[in-house]
Amino acid sequence: MTVATTALWISEAQMLTETEHIIHQDIDFLPLRSYTNIHEGNALRIDWETVVPKAHLNYIIGNPPFVGYSLQNKEQKDDILSVFVDIDGKPFKTAGKIDYVAGWYYKASELMQHTNIRAALVSTNSITQGEQVAAIWKPLKELFGIHIDFAHRTFRWDSEASLKAHVHCVIVGFSNVNVPKVIYDNDKQKIADNINAYLIDAPDVYIESRKHPLYDVPEMVTGNRPADGGHLIIEAEDYDDFIKQEPSSQKYIKKLLGAAEFINNKERWCLWLVDASPSELRNMPLVLKRIQACKEDRENAPDEGRRKLALTPHLFREQLNPETYIIVPSVSSERRRYVPMGLLTKDTIPTNLVLIIPDATLYHFGILESNVHMAWMRAVCGRLKSDYRYSKDVVYNNFPWPTPTDEQKTKIEQTAQAILDARALYPDSSLADLYDELTMPVELRRAHQDNDRAVMAAYGFPIKTMTESQCVAELFKLYQELTK
């Protein structure tokens, strides 16, 4: 309570100083007044009307605590489960995977129902991204009929502490009142017809986790988790020496790619012993030594599932090695216009830090690398800080694909190949180099632009006039039609 009182004194002093500058007159701030209307307690456990009756309330504003669902302690988890409940008083199935701040949205929406009260809260941007959108906003819409009045899209809030902490935030205003809708983004503002939970001028759509794609396209899966304690992995600096000492192992060594290796062109290798016979393994002492170390690591693991892997210590947890596949990094920088993807063969082993689409074609690659898919991804994906976190269950499986003519499909295959050809002109450059907006080669940018036009034509979108927000709005409409 002392902290709250002091914060109010500071805020009042700041506002009075600004007022003095406006009216050109000194205002006496002293003596400091005590505030008797500050209530101390757990905001998610108390009845808000015991603090102020809603008949006397016009606005709710606040900056609730930022605690991600994976960082909540037991008490905080219990708080959320006690608040985010359905009409029968039972916690929603997804209530255990939403941020702590969501509880304040629920409490405010519950209090505002059938009133003219309006609310605005500062929150982490995670509540408007990924799986949390449907988990938080769909119940609020269905139970209390709230809608978003205004929104300030993601901005970075820098702490004034000596050790800078960067939090990516949004400000969301919501109510049951019919008012003009406004979206703020950096220094721009836009009047919107509707602001959905992704903070986009588009219909109210909730992209929920889906196990399989909406369309007849290849399934996306996660790559291989080594679960080996590092013993089946050969780092670049050890590769030559290992081959020299154990030359017969070379045919079982493959390039290993996670997101960092793929984007930054870092070399890493692994022992891929799926087809190695017992006699071959016993004749490779250095390989056998690594298998033994892997076995011991798994046997001593606290997780029962990992301990069971000790029965096959020469293998990764998964053994996905398709003939061809598209590789998609799970996390990629927001500074890139396109998330770099690739078309690879069985000579490279993908780790669990990437997603793969086995047996995908140039056509699929072209669609996924297009500005249309990137717009969808930016709108619905989760984030790691501000970086894109691509997910198969939300981004890929819900994506509305076009229905191209044969001619349009052939064109997309051609433009997709042109992207790969443009990359190949710069063998010494990593994808991080090639997709930096300051260093992207002209040939690659042109290839992407040609591919963008070909994909937009397949959707029937106006190529010259459509903005990214309009593109996302159209994709949301397609999604709505598909999921009715």
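**Strands, cores and cavities**

Strand β11 (residues 324–329) is joined to β15 by 5 bridges, with the two running antiparallel. The model behind this and everything below is a predicted one. Within that pairing, Ile327 sits opposite Ile356 in β15. Strand β15 (residues 354–358) also pairs with β7 (residues 221–222), again antiparallel, this time through 2 bridges. Here the residue standing opposite Ile356 in β15 is Val221. So Ile356 of β15 has Ile327 facing it and Val221 facing it as well. As for burial, 4 of the 5 residues of β15 are buried, so the strand is largely enclosed by the rest of the structure.

Another bit of sheet turns up further along the chain. Three strands make an open sheet in the order β12-β17-β16, and the pairing is antiparallel. Its edges are β12 (331–332) and β16 (382–384), each of which pairs on one side only. Between β12 and β17 (residues 387–389) there are 2 bridges, in the antiparallel sense, and Ser332 stands opposite Tyr388 of β17.

Both of these residues come up again in the cavity search, which picks out 2 cavities of 30 Å³ or more in the whole structure. The second largest, with about 30 Å³ of space, has Ser332 and Tyr388 in its lining, along with Pro329, Ser330, Val331, Val339, Met377 and Tyr390. That lining splits into 6 nonpolar and 2 polar residues, with no charged ones.

Met377 leads on to helix α11 (residues 371–380), where it is one of the buried residues. What about the rest of α11: how many of its 10 residues are buried? The count is 10 of the 10, so the helix is largely enclosed by the rest of the structure. The buried set takes in Asn371, His373 and Arg378 as well as Val372, Met374 and Trp376, among others. The cover over these residues includes strands β16 and β17, plus the helices α10 (362–368), α12 (392–396), α15 (442–459) and α16 (468–482).

The largest cavity holds about 80 Å³ of space. Lining it are Trp137, Lys141, Ile146, His147, Ile148, Ile195, Asn196, Ala197, Asp204 and Tyr206. At least two lining residues come from each of α4 (132–144) and β3 (147–158). By class, the lining is made up of 6 nonpolar, 2 polar and 2 charged residues.

Trp137 is worth a second look. Setting aside neighbours within four places in sequence, Trp137 contacts Tyr105, Ile127, Gln132, Ile146, Ile148, Val172, Ala197 and Tyr206. Of these partners, Ile146, Ile148, Ala197 and Tyr206 are also among the residues lining the largest cavity. In soluble globular proteins, nonpolar side chains tend to be buried together. In this model the largest nonpolar core has 111 residues, and the members touching the most others are Trp137, Tyr390 and Phe476. A second core of 14 residues is separate from it, with Tyr239, Ile253, Leu271 and Met284 among its members. Two of the well-connected residues of the largest core thus have a place in cavity linings: Trp137 in that of the largest cavity, and Tyr390 in that of the second largest.

Finally, a residue with some exposure: Asp421, in helix α13 (residues 406–424). Its relative accessibility is 42%, so Asp421 counts as partly exposed. Between the C-alpha atoms of Asp421 and Gly103 there is a separation of 50 Å, with the two residues 318 apart along the chain.

Note on methods:
Residues are numbered from 1 along each chain as its sequence is written. This is a predicted model: local features need pLDDT of at least 70, side-chain atom pairs count only at pLDDT 80 or more; totals for chains, interfaces and linings use all residues. Side-chain values use heavy atoms; hydrogens and water are left out. On a 1 Å grid over the protein atoms alone, a cavity is a set of points where a 1.4 Å probe fits but cannot get out, and a pocket is an open set with protein on both sides within 12 Å along at least five of seven lines; lining residues have an atom within 4 Å of a point. Grid points are joined across faces, edges and corners, and a volume is the space filled by probe spheres set on the points. Ala, Val, Leu, Ile, Met, Phe, Trp, Tyr, Cys and Pro count as nonpolar, Asp, Glu, Lys and Arg as charged, and the others, Gly among them, as polar. Two strands pair if DSSP finds at least two bridges between them. Buried means under 20% relative accessible area, exposed over 50%, partly exposed in between (1.4 Å probe, protein chains only). A nonpolar core is a set of buried Ala, Val, Leu, Ile, Met, Phe, Trp, Tyr and Cys residues joined through side-chain atoms within 4.5 Å. Contact means heavy atoms within 4.5 Å.
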